[in-house]
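Morning, everyone. One model today, and a quick walk through it. Have the viewer open and follow along.

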Amino acid sequence: MADRALVLLPGFLSSPRAYSALVAPVGAVGADVEVPSLAPGRLALLTGRYSVEEEAVDAAALVRALVAQRSRVLLAGHSRGGQAALRAARMLVADDAVRDGLIGLVLIDPVDGGGRQPSTRTSTAWCTPLGLRTTVVGAGHGGVCAPEPVNHAVFADAIPDARYVVVEGMGHADMLGGRERALGRRLCGGADDPDPCRGLVARLLLTALDGADPAEVDDPLLRVVR
């Protein structure tokens with residue numbers, strides 16, 4: 001069993017397979033990779049019957065199980081999954097049995113609120129240090145998929161001890177693969193060539209897995225905000 005693991009919570013209605021190319025470099029270094037499908041079907045998401053809080057509780061349980069197996073876990077999430085990952089991390093840092101096994105948190109273009117058109121801050125409505133090595137990764141190409149009232153900037157504000165970086169030109173779906181990337185880019189926009197953006201996000205995940213500072217990643221697309 002690998003001594004490190006990545007748990008990546010997918011975005012709203014995104015399938016685990018859409019993240020295969022993104023997480024492949026993490027698996028290539030020998031870490032276990034989990035992109036769980038925690039919701040009991042897409043209908044539960046569309047109708048709001050599976051809340052972000054429920055997803056966070058389920059994600060926290062998954063991390064606890066991995067840590068109990070002697071894994072050191074990096075928790076990450078994209079879009080709505082980023083919001084759920086933040087909520088799960090808040091639960092986990094208060095758990096002494098898990099604290100040392102949770103090696104970091106990476107929020108990839110996270111989106112606050114709920115539903116298909118989120119507009120109200122919920123998980124970021126208050127500001128408090130997390131006390132966990134955290135990286136907020138924003139997409140430089142904003143749009144309807146991650147609107148300003150609930151986008152990566154409010155997550156950075158809500159976690160004052162987080163490192164905050166932006167991938168210039170990246171769209172909300174650029175880190176995905178296959179048909180979901182194509183559909184997401186049609187709706188959300190993005191870079192002319194999304195592959196370098198996805199490659200950079202993968203490098204940021206690897207950096208977090210190693211416990212290093214994302215500001216040390218040398219890439220012209222990376223803008224370090226703080």
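**Cysteines, sheet and helix packing**

Start with C197. Its sulfur lies 14 Å from the closest cysteine sulfur, which belongs to C188, and that is too far for a bond. C197 is also buried, at 2% relative accessible area. Keep in mind that this is a predicted model.

So which cysteines does a disulfide join? C145 and C188, with an S to S distance of 1.8 Å. The cut-off for calling a disulfide is 2.5 Å between the sulfur atoms, so this pair passes. The count comes to one disulfide. The torsion about the S-S bond is -80°, and that makes the link of C145 and C188 left-handed. Where do the two ends sit? C145 is in the loop between strand 5 and helix 6, residues 152-158. C188 is in helix 7, residues 178-188. They are 43 residues apart, so to speak of distant parts of the chain is fair. Both C145 and C188 are buried.

Now C127: buried or exposed? Exposed, at 53% relative accessibility. The bar for exposed is over 50%, so C127 clears it.

Next, the sheet. It is open and has seven strands. The order is 2-1-3-4-5-6-7, with mixed pairing. Which strands are at the edges? Strand 2, residues 32-34, and strand 7, residues 222-224, each pairing on one side only. Neighbouring strands are turned by 20° against each other on average, direction ignored.

Zoom in on one pair. Strand 5, residues 134-139, and strand 6, residues 163-167, run parallel. Five bridges join them. For a landmark, find V137: it stands opposite V165 in strand 6.

What packs on these strands? Helix 4, residues 80-93, packs on the sheet. It touches strand 1, strand 3 (72-78) and strand 4. Its direction makes about 145° with that of strand 3. Helix 1 lies across strand 1 (4-9), strand 2 and strand 4 (102-108). Against strand 1, helix 1 runs at about 170°.

Helix 1 has a helix partner too. Two packed helices are described by the angle between their axes and the distance between the axes. Here are both values. The axes of helix 1, residues 20-28, and helix 8, residues 194-209, come within 9 Å. They cross at roughly 35°. The crossing is right-handed. Which residues meet? From helix 1, A21, L22, P25 and V26. From helix 8, R198, V201, A202, L205, L206 and L209. By class, the contact has nine nonpolar residues, no polar ones and one charged.

Last item: backbone. Two residues have a positive phi although neither is a glycine. R70 is at about 75°. D109 is at about 40°. R70 sits in the loop between helix 3 (52-68) and strand 3. D109 sits in the loop between strand 4 and strand 5. Now check accessibility. R70 is exposed, with a relative accessible area of 72%. D109 is buried, with a relative accessible area of 2%. The bar for buried is under 20%, so D109 meets it.

To recap the sulfur story: C145 and C188 are joined by a disulfide, C197 is too far from the closest cysteine sulfur for a bond, and C127 counts as exposed. Over to you for comments.

Notes. Residues are numbered from 1 along each chain as its sequence is written. This is a predicted model: local features need pLDDT of at least 70, side-chain atom pairs count only at pLDDT 80 or more; totals for chains, interfaces and linings use all residues. Side-chain values use heavy atoms; hydrogens and water are left out. Axes are lines fitted to C-alpha atoms, for helices over the stretch in contact, and angles run from 0 to 180 degrees between N-to-C directions. Helices (H or I, at least four residues) and strands (E, at least two) are DSSP runs, numbered from the N terminus. A crossing is left-handed if the near helix is turned anticlockwise from the far one by less than a right angle, and right-handed if clockwise. Contact means heavy atoms within 4.5 Å. Ala, Val, Leu, Ile, Met, Phe, Trp, Tyr, Cys and Pro count as nonpolar, Asp, Glu, Lys and Arg as charged, and the others, Gly among them, as polar. Two strands pair if DSSP finds at least two bridges between them. Buried means under 20% relative accessible area, exposed over 50%, partly exposed in between (1.4 Å probe, protein chains only).
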